[in-house]
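Hi everyone, thanks for making the time. I'd like to walk you through a protein chain that is new to most of us, so please take a look at it first.

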Amino acid sequence: MCCDLKRRFLLLYATQKGQAKAIAEEIWQQAGAHGLEADMHCISEMDKYNLETEKDPVVIVISTTGTGDPPDTARKFVKKIQDTTLPLDHFAHLQYGLLGLGDSEYTFFCNGGKTVDRRLQELGAQHFYDTGLADDCVGLELVVDPWIDGLWLALKEACLLQKENEGMSSDVVPSSPSAAPHIGHELNLSSEVQNLKLEDERVKSSDVPTHKLVDIHLVASAGDTEPSLVHSVPPVSQSALNIPALPPEYIEVQFQDTHGENPHLSSLILEGTTFEVPVTKAVQLTREDAMKTALLLELDISDTVFDYQPGDAFCVICPNNANEVEELLRVLGLSEKGEYFVCVKVKQGTKKKGAAYPQHIPERSTLKFILTWCLEIRAIPKKAFLRALVEYTSDGGEKRRLQELCSRQGASDYTRFIRDSNVCLLDLLHAFPSCKPSLNLLIEHLPKLQARSYSVSSSNLYQPGKLCFVFNIVEFPACPTRPVSRKGVCTGWLAELVTPLLHPSKNTLDTKGRSSFSAEKISIFARPNNTFRLPVDPSLPFMMVGPGTGISPFIGFLQHRQKLREEHTDWEFGETWLFFGCRHQDRDYLFKQLRCFLENGTLTHLKVCFSRDSSTAEVAPPKYVQDVIRLYAKEVARVLLKERGYFYICGDKKHMADGVSDAVVDILSMEMGADKLEAMKILAMLREAKRYLQDVWS
């Protein structure tokens, strides 16, 4: 029963990459200090809880994935509650609080949480605590920490109200004049709530760990007032600290022998069938002096059943950088153990709630295989990881600084020196040399190494048996918190892999000058995009906006359209527009062959702009695609409003897609003679109708 000595509440999480689960575990760990007990489950474990009969308060932590979808673990739950036959009072008995996680770089911010929240409300459920929406773009902790702080009092009040309701339903109330005892009960409830508030303050002041300044080396001198990754200044350096609870360890690792084989990469992927395919072509699309290096790779899929449509994406299974893996082994003192097979088990007697074997770690593999293919060693360390690292740090000053970085008082330092600087575990171990974490700690806290997603840049109809994709080689320049420059995990690996194709040397040519290069293979799996597709009706017009590598899926669109035009000469085809932009016309105009599509009629209108090229024209040409779009306001309005056409955007979210959306809103407002709010509603309707589609990244 609710509000007995344990004050139970149900805690559900829906996670894609582990964020929501980690936050739920933090709530579970803190609950005991507040006299509460969390019954925690993944939302997919519907056999372990039942919202239809749940009487206690429910707390839900849910992330968002893809283009605003609930995480995979929540799909069955969402499908169940979206059943249109459910009565509107289906969850009238339910009290809940929801914390949504998302990234405002994407259009449908926190949509996974919003979808569940909205549907629970429609089915009669009541909030006992306001919904929180945390933004990974600026730092989840900015919302998560205060939301959790306020949760405890709200939970206790909800429990007391539940107890009060149960008491009322069990009492016989003979008539209205006898309602006086109920008033007294309400007054008593109010005093109980006040006591809870006092109790909560005592918990905050006594049970939350605080650490006062203990090391004078971390106090800024008169001439050193700037903080850094390893150095703090007042007020942080002189503050008592509120730090997270120490996460209980739950993994143990044992080294075995060096005999055997590592598992096949396909065993690491649960999302679908993997295919090992050769890279048969690599082209550098940009000039050497371009700001970014863009590559086009061609894969041979002719010997597989891999299928795709233009607009789809696919995932590449990639390893961590080999040099970084070797360096990590060296720093951990495990260089001699890299080729040893390891046995990973859940520690007996662990205090971690729901401790389970990590599914992304094979049952039998070498240490080097785990660090290379299974763990995201480049991941930005979460505060819980920093808190755990404190226990493995021997130097007092370094220990204090790690405490500051994971504390509430050091939140801005964490954002500045770790999150925004893309600091990873290896950087921390170099910066704090007395920190020597155990291998089990790394397996507990480093997330799964995710496959990287890329848009298809070809058409299977146009190039049967081939799959092309385009990417920029991601560069992370050196900075004060990270003294070495790095390339992206996947793009850096791919670029190195295809170097012989890009720069054939004498060693890769036979006696007749032909390439003797043996094609490297990569492992891929499909990730269909069921909405970012060409219109089903080919007579409908569509506009494409794709600056830089955002043009990638539209090459596939145009190839597909060209082939359809060749095969179906009797069909009616709508007009096509492409807005493309880059920095310099002579350095990074990725697909100059776009003119071919224009000449053969596949592409009706091609509009380009170059943001860094100087111009001698009296009127400066537009620099960005959103500026070009404004020049064709009437055409945009005609395609979208009169001809029921489609509008596609692919590329950078923050610096391009938002600007394009603003331009479209202004165009709709101007051409319709409506205010901006009305134009925004029209754009929302276009999104809902899947006629305004985005494939964007941050």
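Let me begin with some vocabulary: a residue is buried when its relative accessible area is under 20%, exposed when that value is over 50%, and partly exposed in between. Keep in mind, too, that what you see is a predicted model.

Let's use those words right away on K690. This residue sits in the loop between α21 (676-688) and β22 (692-697). Its relative accessible area is 41%, so K690 counts as partly exposed. Its backbone is worth a look as well: K690 is not a glycine, yet it has a positive phi of about 60 degrees. For background, most residues other than glycine have a negative phi, and most peptide bonds are trans.

C110 is another non-glycine residue with a positive phi, here about 55 degrees. You'll find C110 in the loop between β4 (95-102) and α3 (111-122). Is C110 buried or exposed? With a relative accessible area of 1%, C110 is buried.

And while we are on the backbone, look at P234 and P235, which are joined by a cis peptide bond with omega of about 5 degrees. P235 belongs to the loop between α5 (180-206) and β7.

Now let's step back to the whole chain. There are 21 helices and 22 strands in the protein chain. Of its 698 residues, 50% are buried. If you take the contacts with a separation of 6 or more, 79% of them are between residues 24 or more positions apart.

M46 gives us a local example of such a contact. M46 lies in the loop between β2 (37-42) and β3 (58-62), and at 27% relative accessibility this residue is partly exposed. Which residues does M46 touch, once its neighbours within four places in sequence are set aside? They are K76, F77 and K80. In sequence M46 and K76 are 30 residues apart, while their C-alpha atoms are 9.0 Å apart in space.

On to the sheets. One is an open sheet of six strands, with antiparallel pairing and the order β13-β10-β17-β8-β9-β14. Its edges are β13 (452-455) and β14 (466-472); each has a single partner strand, so one side of each is left without a neighbour in the sheet. From one strand to the next, the twist averages 40 degrees.

Let's zoom in on β8 within that sheet. Strand β8 (residues 274-284) runs antiparallel to β17 (residues 521-527), and five bridges join them. Two places to look are T274, which stands opposite F525 in β17, and P278, which stands opposite K521 in β17. β8 also pairs with β9 (residues 294-300), in the antiparallel sense and over five bridges. There, V283 has L296 of β9 as its bridge partner.

Which helix packs on this sheet? That is α13 (residues 489-497), which touches β9, β10 (313-317), β13, β14 and β17. The direction of α13 makes about 70 degrees with that of β13. Helix α13 is mostly covered, with seven of its nine residues buried. Among those buried residues are V489, C490, L494 and L497.

There is also an open sheet of three strands, ordered β7-β11-β12 and paired antiparallel. β7 (251-255) and β12 (365-366) are at the edges with a single partner strand each, so each has one side without a neighbour in the sheet. Five bridges connect β7 with β11 (residues 341-346). In that pairing, E252 is opposite K345 of β11.

My last stop for helices is α19 (residues 633-642) with α20 (residues 653-672). Their axes come within 9 Å and cross at roughly 85 degrees. The range for roughly perpendicular is 65 to 115 degrees, and α19 and α20 are therefore roughly perpendicular to each other. On the α19 side the contact includes V636, L640 and L641, and on the α20 side it includes V664, I667 and L668. The residues of this contact divide into ten nonpolar, no polar and two charged.

Finally, a word on cysteines. How many disulfides does a search of the whole structure find? The count is zero. If you want to look at individual cysteines, C42 is buried at 8% relative accessibility, and C424 is buried at 2%.

That's my tour. Thanks for listening!

Methods. Residues numbered from 1 in each chain as written. Predicted model: local features only at pLDDT ≥ 70, side-chain atom pairs only at ≥ 80, totals over all residues. Heavy atoms only, no water. Pairing = 2+ DSSP bridges. Helix = DSSP H or I, 4+ residues; strand = E, 2+ residues; numbered from the N terminus. Disulfide = S-S within 2.5 Å. Buried < 20%, exposed > 50% of the residue type's maximum accessible area, 1.4 Å probe, protein only. Axes fitted to C-alpha atoms, helices over the stretch in contact; angles between N-to-C directions. Parallel < 35°, antiparallel > 145°, perpendicular 65-115°, else oblique. Contact = heavy atoms within 4.5 Å. Nonpolar A, V, L, I, M, F, W, Y, C, P; charged D, E, K, R; others polar.
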